[in-house]
Amino acid sequence: MAKKKALHRRIIHRFHKRPLWQKITIASVIGVVLAFLGYSVFTYKTSTQETEGFFTCNKEVTVCEISQHIHANLDLTVCGKEIKLEKEEGNTTTAQHTHKEENRLHWHSRLPADPKTRLPLDTTPLTLVSTLSDLGIAFPPNCPTNRNPKTSVSVNGLPQSSGLQYVWKDGDQIVVEYN
Ligand SMILES: [Zn+2]
Ligand SMILES: [Zn+2]
């Protein structure tokens, strides 16, 4: 304990002996580092809260809502052609939509949720079927080289048997092919 105190005093003492400009430089470097650390913790906290969702209920806890801000990436190929999602497409308050980034899906809205499980009662708004309709994308009945095209969906590298009924989650890398 005494040793620790002595070391502490020595550091303080060394600091006091430094010229003023050095003191100011050291103090401002420490200030910038602390500000940056504080900011990172703050943004990390808000972003995890947003993706997990804000859960609110009425007083009787019979009617609840979950409000989330989540994102996913969607690569879409239709009849062998890569389709880029339009930017700033879709209703930003009620539906899946895009902003400025290429092929990036956004969702920031509320859904009625189960008071016990805290999960949305109806996940239809977050299916890939909804993605396509929210963004105004429709597959043609057939492709020039294939009269009977099939839809295949993979998420984070894994094929999904639910196909376009897949309910996407924050951070998903989605690949949809209609060939
Ligand atoms: Zn948005
Ligand atoms: Zn967003």
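**Gln160, strand S7 and the nonpolar core**

Gln160 lies in the loop that links strand S6 (158-159) to S7. The model examined here is a predicted one. Gln160 counts as partly exposed because 18 C-beta neighbours are found inside 10 Å, whereas 20 or more would be needed for a residue to be buried. Leaving aside residues up to four places away in sequence, Gln160 touches Val153, Ser154, Val155 and Tyr166. Between Gln160 and Ile174, which are 14 residues apart along the chain, the C-alpha separation is 9.9 Å.

The setting of this loop is given by the chain as a whole. Three helices and seven strands are present in the chain, and from the N terminus on their order is α-α-β-β-β-β-α-β-β-β. The chain has 179 residues, of which 15% count as buried. Of the contacts between residues at least 6 apart in sequence, 55% join residues at least 24 apart.

Strand S7 pairs with two strands named here. With S2, the pairing is in the parallel sense and extends over six bridges; within S7, Tyr178 stands opposite Val78. With strand S5 (residues 151-155), S7 pairs in the antiparallel sense over five bridges, and Ile174 in S7 is the bridge partner of Val155. Val155 is also among the residues touched by Gln160.

The side chains of S7 alternate along the strand. In a regular strand, side chains alternate between the two faces of the sheet. In S7, one face receives Ile174, Val176 and Tyr178, which are buried. Gln173, Val175 and Glu177 point to the other face and are not buried.

Two residues of the buried face of S7, Ile174 and Val176, recur in the description of the largest nonpolar core. This core contains 15 residues, and those that touch the most other members are Ala72, Leu74, Leu128, Trp168, Ile174 and Val176. At least two core residues are supplied by each of strand S2 (64-78), strand S4 (104-113) and strand S7 (173-178). S2 provides the largest share, namely four residues. In soluble globular proteins, nonpolar side chains tend to be buried together.

The surroundings of Ile174 connect several of these elements. When residues up to four places away in sequence are not counted, Ile174 touches Ala72, Asn73, Leu74, Val155 and Trp168. Among these contacts, Val155 is the bridge partner of Ile174, while Ala72, Leu74 and Trp168 are listed with Ile174 among the core residues that touch the most other members.

Notes
Residues numbered from 1 in each chain as written. Chains lettered and ligands numbered in written order. Predicted model: local features only at pLDDT ≥ 70, side-chain atom pairs only at ≥ 80, totals over all residues. Buried ≥ 20, exposed ≤ 12 C-beta atoms within 10 Å, placed from the backbone. Contact = placed C-beta atoms within 7 Å. Core = buried A, V, L, I, M, F, W, Y, C linked by C-beta atoms within 7 Å. Pairing = 2+ DSSP bridges.
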